[in-house]
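Work through the exercises below with the sequence and the structure at hand. Try each task before reading its solution.

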Amino acid sequence: MKKLINDPRAVVDESVEGFGMAHADIVDVHPEPKYVIRKGAPVAGKVALVSGGGSGHEPLHAGFVGLGMLDAAVPGAVFTSPTPDQIIPATVAVDSGAGVVHIVKNYTGDVLNFETAAEMAQAEGVHVRSVLVNDDVAVEDSLYTAGRRGVGGTVLVEKIAGASAQRGDDLDTVTGIAERVVANVRTMGVALSGCTVPHAGTPSFELDDNEIEIGIGIHGEPGRHKIAMENADAITDRLLEPVLEDLALASGDKVLLFVNGMGGTPQSELYIVYRRAAQVLAERGATVERSLVGNYVTSLEMQGCSVSVLRLDDEMTRLWDAPVHTAALRWGA
């Protein structure tokens with residue numbers, strides 16, 4: 001294992017500390033218990049958004065803390081849920097009295113710990129709503145979930161719901177918009193290689209040189225099946241077909257197309273995937289109104305990508321376009 005680390009047990013602590021130093025104009029880092037909050041939080045009268053999960057998916061979630069997105073992010077150990085002892089103080093710290101929305105990826109540990117934290121925060125007088133992200137169409141259940149996993153679509157939920165909160169919408173409205181995004185986004189991923197968790201020291205799974213895994217999540221957990229390596233267009237078709245089928249995409253629909261890298265895939269290859277996905281959507285009569293391409297929900301250094309399609313309405317498009325200023329997404333601010 002070759003990684004730019006010091007002590008495998010200190011990876012998250014040192015990474016979050018460095019993140020806070022690099023983006024001190026945007027965030028504050030609370031070291032113990034560990035969480036990241038928006039500079040100046042809480043924002044008076046504003047509904048706050050809190051998310052989190054295991055580390056190793058950077059820039060998710062801390063990279064999306066800032067104006068127009070999250071008010072707090074709670075990082076767990078690599079591929080491990082944060083604890084209620086982290087989530088509760090982060091929730092309380094960003095509450096202005098307008099309430100807090102927890103955006104939770106559908107992994108068993110995340111769900112249980114955020115549920116516990118929400119109950120405890122509400123006992124302290126914070127109004128908390130929870131939105132479960134379950135956009136993955138690859139599998140209904142996995143080693144980590146009951147039901148569908150939350151994957152790349154999480155970024156789109158956080159951006160659009162974050163813009164709703166930023167414009168001053170109330171708790172019910174922000175929650176409803178987040179749920180609307182969840183209902184209209186679907187994702188599927190592929191791995192060309194495994195990844196190595198620092199404290200484990202060996203890859204999370206093995207693939208032969210000419211083998212890929214279709215339908216992986218973001219922790220290296222199994223997907224639908226392993227197949228022989230194909231060209232980019234064929235792989236893109238395999239990812240996109242179940243997404244469009246599950247979304248019941250119709251001719252005339254307007255969409256946001258998001259091609260996400262898993263951490264080890266060059267941007268040039270992601271654009272090749274985007275090219276084919278956009279061609280298929282055009283053939284189906286859909287209009288790609290907005291796009292996002294890059295490494296936003298990663299799995300350490302895994303080679304691979306995921307393709308997400310969000311069916312847009314006019315309000316979601318306006319909220320996507322609204323100003324955002326975070327470490328990982330910035331426009332219009």
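**Exercise 1.** Determine how many residues of strand 5 are buried.

Solution. The model is a predicted one, and a residue counts as buried under 20% relative accessible area.
- Step 1. On one face of strand 5, Val 100, His 102 and Val 104 point the same way, and these residues are buried.
- Step 2. Val 101, Ile 103 and Lys 105 point the other way from strand 5, and they are buried too.
- Step 3. Six of the six residues are therefore buried, and strand 5 is largely enclosed by the rest of the structure.

**Exercise 2.** Find the strands that pair with strand 5 and place them in their sheet.

Solution. Strands of a sheet pair through backbone hydrogen bonds, either parallel or antiparallel.
- Step 1. Strand 3 (residues 48–55) pairs with strand 5 (residues 100–105) in the parallel sense, over four bridges. Among the bridge partners, Leu 49 goes with Val 101, and Val 50 goes with His 102.
- Step 2. Strand 6 also runs parallel to strand 5, and six bridges join the two. Lys 105 has Val 133 of strand 6 as its bridge partner.
- Step 3. The open sheet has six strands in the order 1-2-4-3-5-6, with mixed pairing. Its edge strands, strand 1 (27–30) and strand 6 (128–133), each pair on one side only. On average, neighbouring strands are turned by 20° against each other, direction ignored.

**Exercise 3.** Identify what helix 4 and helix 2 pack against.

Solution.
- Step 1. Strand 2 (35–38), strand 3, strand 5 and strand 6 of the sheet are touched by helix 4 (residues 153–166). The direction of helix 4 makes about 160° with that of strand 3.
- Step 2. Helix 2 (residues 84–94) has Pro 84, Gln 86, Ile 87, Ile 88, Ala 90, Thr 91 and Val 94 as buried residues.
- Step 3. These buried residues of helix 2 pack against strand 2, strand 3, strand 4 (72–78), strand 5, strand 6 and helix 3 (108–123).

**Exercise 4.** Describe how helix 6 and helix 7 are arranged: what is their angle, and which residues meet?

Solution.
- Step 1. The axes of helix 6 (residues 232–247) and helix 7 (residues 267–283) are 9 Å apart, and the packing angle is about 50°.
- Step 2. Helix 6 and helix 7 are therefore oblique to each other. The crossing of helix 6 past helix 7 is right-handed.
- Step 3. Residues of helix 6 in the contact include Asp 233, Thr 236 and Leu 240. Those of helix 7 include Ile 272, Arg 276 and Val 280.

**Exercise 5.** Explain why Cys 195 and Cys 305 do not form a disulfide.

Solution. A disulfide is a covalent bond between the sulfur atoms of two cysteines.
- Step 1. The cut-off for a disulfide is a pair of cysteine sulfur atoms within 2.5 Å.
- Step 2. The cysteine sulfur closest to that of Cys 195 is in Cys 305, 15 Å away, which is too far for a bond.
- Step 3. The structure holds zero disulfides. Both cysteines are buried: the relative accessible area is 0% for Cys 195 and 6% for Cys 305.

**Exercise 6.** Decide whether Leu 329 is buried or exposed, and list what it touches.

Solution.
- Step 1. Leu 329 sits in the loop between strand 13 (324–325) and strand 14 (330–331).
- Step 2. Its relative accessibility is 2%, so Leu 329 counts as buried.
- Step 3. Leaving aside residues up to four places away in sequence, Leu 329 touches Gly 63, Phe 64, Met 69, Val 155, Leu 292, Tyr 296 and Val 324.

Definitions and conventions: Residues are numbered from 1 along each chain as its sequence is written. This is a predicted model: local features need pLDDT of at least 70, side-chain atom pairs count only at pLDDT 80 or more; totals for chains, interfaces and linings use all residues. Side-chain values use heavy atoms; hydrogens and water are left out. Buried means under 20% relative accessible area, exposed over 50%, partly exposed in between (1.4 Å probe, protein chains only). Two strands pair if DSSP finds at least two bridges between them. Axes are lines fitted to C-alpha atoms, for helices over the stretch in contact, and angles run from 0 to 180 degrees between N-to-C directions. Contact means heavy atoms within 4.5 Å. Angles under 35 degrees count as roughly parallel, over 145 as roughly antiparallel, 65 to 115 as roughly perpendicular and the rest as oblique. A crossing is left-handed if the near helix is turned anticlockwise from the far one by less than a right angle, and right-handed if clockwise.
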